[in-house]
Amino acid sequence: MLLDSYGRTATDLRVSLTDRCNLRCTYCMPEEGLQWLAKPDLLTDEEIVRLVDIAVRELGVTEVRFTGGEPLLRPGLVGIVAACAALEPRPQLSLTTNGIGLERTAGALRDAGLDRVNVSLDTLDPGVFQRLTRRKRHADVLRGLAAAREAGLRPVKINAVLMPGMNDAEAPDLLAWAMEHEYELRFIEQMPLDAQHGWQRDGMITAGDILASLRTRFTLTEEGEQARGSAPAERWLVDGGPHRVGVIASVTRPFCRACDRTRLTADGQVRTCLFATEESDLRGALRTGASDERIAALWRTAMWGKKAGAGIDDPSFVQPQRPMSAIGG
Ligand SMILES: C[S@@+](CC[C@H](N)C(=O)[O-])C[C@H]1O[C@@H](n2cnc3c(N)ncnc32)[C@H](O)[C@@H]1O
């Protein structure tokens, strides 16, 4: 088991498959100039599968989410999913993606054993999309979403980040559209994880702002702590249900107390938290012939040191050196 000294158990593993992305979302990456990880430093497909195997067999991990960067850019993705789906015990497998290219791969990913997908979409307006992501790919994302739904990767969830002066007025429209198309929408508060270190607490759109905006058009009924479990999203029934909307208030109402996550970067470092300032190297151990037991022990030690909370609202908070794209969101 992956226990920490605050009594939490990590059963949910986030695996970053690459730090590269084909979008340049303003809250995540700079327009240009970000240094990529060197190819030899990236875990190979086989190394990733071995670490996931150790996680599920030795450490009690039950859910694995592939992310990045953009995981669809990883050439071996379908093979990695298939190999992880064949592990014993079989973990739940999901993917967080910007949806570009999902139109072509959703069926193959489902056949390989992928269970669910989260697609990031912040706006319904192609012009706003281009300003937010610095790329003209809005239509690709919409096609990717539809393909995921048709492939049965349900529930298809949408992640949306609202940025002041950009898409912050769109919350009700995004929710109406998501419900119409049978997607489950979750808003994520903007976190200080951009490569440019431009995040400002005062400027961000809070969960409170998002809920107030949604309530101008919908009646929201809170589902409560029990329904939430260890999930980061607080959820509300919309107009009495069955549709729901989630808000991940990572800054203003963090879910650290119930956090059940452990993270693996594309270069094989364990992170206990998105906001951890330390990492533990598993790649080095892998490449110097360490046994599964030794790697499991290193992973356990790393997780034992997990901090009580991310501390974003704490005056002493220091943004991690790696941006979201290099950690794996
Ligand atoms: C880093 S991306 C990686 C996976 C994939 N490329 C995608 O777009 O979903 C994962 C999620 O993190 C979100 N994200 C990135 N930077 C963020 C930030 N500074 N604050 C909050 N969410 C952020 C994205 O919107 C996306 O939903």
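## A buried aromatic pair

Trp-177 and Tyr-183 are both buried (under 20% relative accessible area, with over 50% exposed and partly exposed in between; 1.4 Å probe, protein chains only). The model is predicted: local features need pLDDT of at least 70, side-chain atom pairs count only at pLDDT 80 or more, and totals for chains, interfaces and linings use all residues. Residues are numbered from 1 along each chain as its sequence is written, and side-chain values use heavy atoms, without hydrogens and water.

Rings of Phe, Tyr and Trp (its six-membered ring) pair if their centres lie within 6.5 Å; planes under 30 degrees apart are stacked, over 60 edge-to-face, and the rest tilted. The count is two aromatic pairs. The Trp-177 and Tyr-183 pair is tilted, because the planes stand at 40°, with centres 5.6 Å apart.

## The Phe pair

Phe-275 and Phe-317 form an edge-to-face pair. Their centres are 5.7 Å apart and their planes meet at 65°. Phe-275 is buried, at 8% relative accessible area.

## Around the ligand

The ligand has 18 residues around it (a heavy atom within 4 Å). Tyr-27, Gly-69, Glu-70, Ser-120 and Met-191 come nearest. By class, the shell has six nonpolar, 10 polar and two charged residues.

Polar contacts are pairs of N or O atoms within 3.5 Å. A ligand nitrogen lies 2.8 Å from a polar backbone atom of Met-191. Another contact joins a ligand oxygen to a side-chain N or O atom of Asn-159, at 3.3 Å. The protein buries 94% of the 540 Å² that the ligand exposes when taken alone (Shrake-Rupley method, 1.4 Å probe).

Conventions. Polar contact = N/O pair within 3.5 Å; in protein donor to acceptor, adjacent residues only side chain to side chain. Nonpolar A, V, L, I, M, F, W, Y, C, P; charged D, E, K, R; others polar.
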